[in-house]
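I sat down with this one at the bench computer and kept a few notes as I went. Have the model open beside you and follow along.

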Amino acid sequence: MPTAARLVAAVLLGGLAWYVSELIEDIPAMIEDPPVKRFSEINAVLGALCGWFVLGSRSPDRYAASFSHGLTAVIATIFWVLLIHSGNEMIDRALKKLYDTPMQAVVAVFQISVEDGAKMASFDVIVTLFVGGLVAGIIATFIGRRYP
């Protein structure tokens with residue numbers, strides 16, 4: 001059911017995902033191996049979906065729990081972003097016939113996501129995600145309690 005808290009959570013996490021994606025594109029390891037086209041836009045949509053379903057659904061809870069709800073939504077966003085982009089990369093490699101069996105392709109999704117996650121884990125990105133998740137959780141809880 002659409003609520004003001006879900007809308008606000010979706011906008012906040014979508015904006016956070018877009019901003020962090022722009023930070024990631026400036027990391028030297030990512031400049032050498034650039035991400036896909038529309039990287040920021042795809043991540044913003046995934047962040048908005050996680051904001052709507054993960055953070056927005058829990059927003060009228062207590063303020064003490066808002067921190068963990070915000071961080072949970074950020075972690076869910078990171079999981080889906082890595083999974084979607086790794087799956088896309090695996091499909092590109094599979095179409096080039098780099099895998100002998102389907103199991104190699106499935107395992108490659110997780111290997112690619114670990115490699116990309118390690119490349120993207122800079123101090124600025126981690127701090128921005130942590131603080132952004134906390135702030136998004138507090139704001140979504142405030143809106144959820146004020147406008148039920």
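**Entry 1: a spot on the last helix**

I started at Val127, which is found in helix α6, residues 123–146. A reminder to myself before going on: this is a predicted model. I looked up how open Val127 is, and its relative accessible area of 34% makes it partly exposed. Val127 also belongs to a nonpolar surface patch. I noted the partners in that patch: Phe123, Phe130, Val131, Val135 and Ile139. Together with Val127 they make about 540 Å² of nonpolar surface.

**Entry 2: stepping back**

Next I wanted the whole chain in view. I counted six helices and zero strands, so to speak an easy order to write down: α-α-α-α-α-α from the N terminus on. The C-alpha atoms fill a box of roughly 55 × 30 × 25 Å along the principal axes. Of the 148 residues in the protein chain, 40% are buried.

I picked Leu55 as an example of a buried residue. Leu55 lies in helix α3, and its relative accessible area is 1%. With the cut-off for buried at under 20%, Leu55 counts as buried because its value is 1%. I also checked a distance from Leu55 back to Ala44, eleven residues apart along the chain. Their C-alpha atoms are separated by 15 Å.

**Entry 3: the largest pocket**

Which residues are closest to the centre of the largest pocket? I looked up the volume before that, and the largest pocket comes to about 390 Å³. Its lining has 22 residues, and the closest to the centre are Val20, Ile24, Ile78, Val125 and Leu129. I then listed the elements that give two or more residues to this lining: α1 (4–25), α3 (39–55), α4 (63–95), α5 (102–120) and α6. Helix α4 gives the most, with seven residues. I sorted the lining by character and wrote down 18 nonpolar, four polar and no charged residues.

**Entry 4: the second largest pocket**

The second largest pocket has a volume of about 280 Å³. I found 16 residues in its lining, with Asp33, Pro34, Pro35, Glu89 and Asp116 closest to the centre. The elements that give two or more residues here are α4 and α5. How does this lining divide by character? I get seven nonpolar, two polar and seven charged residues.

**Entry 5: salt bridges**

Two names from that pocket, Glu89 and Asp116, sent me to the salt bridges. The structure holds two.

In one of them, the side chains of Glu89 and Arg93 meet at 3.2 Å, N to O. Both residues lie in helix α4, four residues apart, which is about one turn of the helix. I checked their exposure too: Glu89 is partly exposed at 30% relative accessible area, and Arg93 is partly exposed at 28%.

In the other, Asp116 meets Lys119 through their side chains at 3.7 Å, N to O. This pair sits in helix α5, three residues apart, again about one turn of the helix. Is Asp116 buried or exposed? I have it down as buried, because its relative accessible area is 16% and the cut-off is under 20%. Lys119 counts as partly exposed, at 26% relative accessibility.

How values were computed:
Residues numbered from 1 in each chain as written. Predicted model: local features only at pLDDT ≥ 70, side-chain atom pairs only at ≥ 80, totals over all residues. Heavy atoms only, no water. Patch = residues over 30% accessible without salt bridge, like charges linked within 9 Å, V, L, I, M, F, W, Y side chains within 5 Å. Areas by Shrake-Rupley, 256 points an atom, 1.4 Å probe, with all protein chains shown as cover. Salt bridge = Lys/Arg side-chain N within 4 Å of Asp/Glu carboxyl O. Buried < 20%, exposed > 50% of the residue type's maximum accessible area, 1.4 Å probe, protein only. 1 Å grid on protein atoms, 1.4 Å probe; cavity = no way out; pocket = protein on both sides within 12 Å on 5 of 7 lines; lining within 4 Å. Points joined across faces, edges and corners; volume = space filled by probe spheres on them. Nonpolar A, V, L, I, M, F, W, Y, C, P; charged D, E, K, R; others polar.
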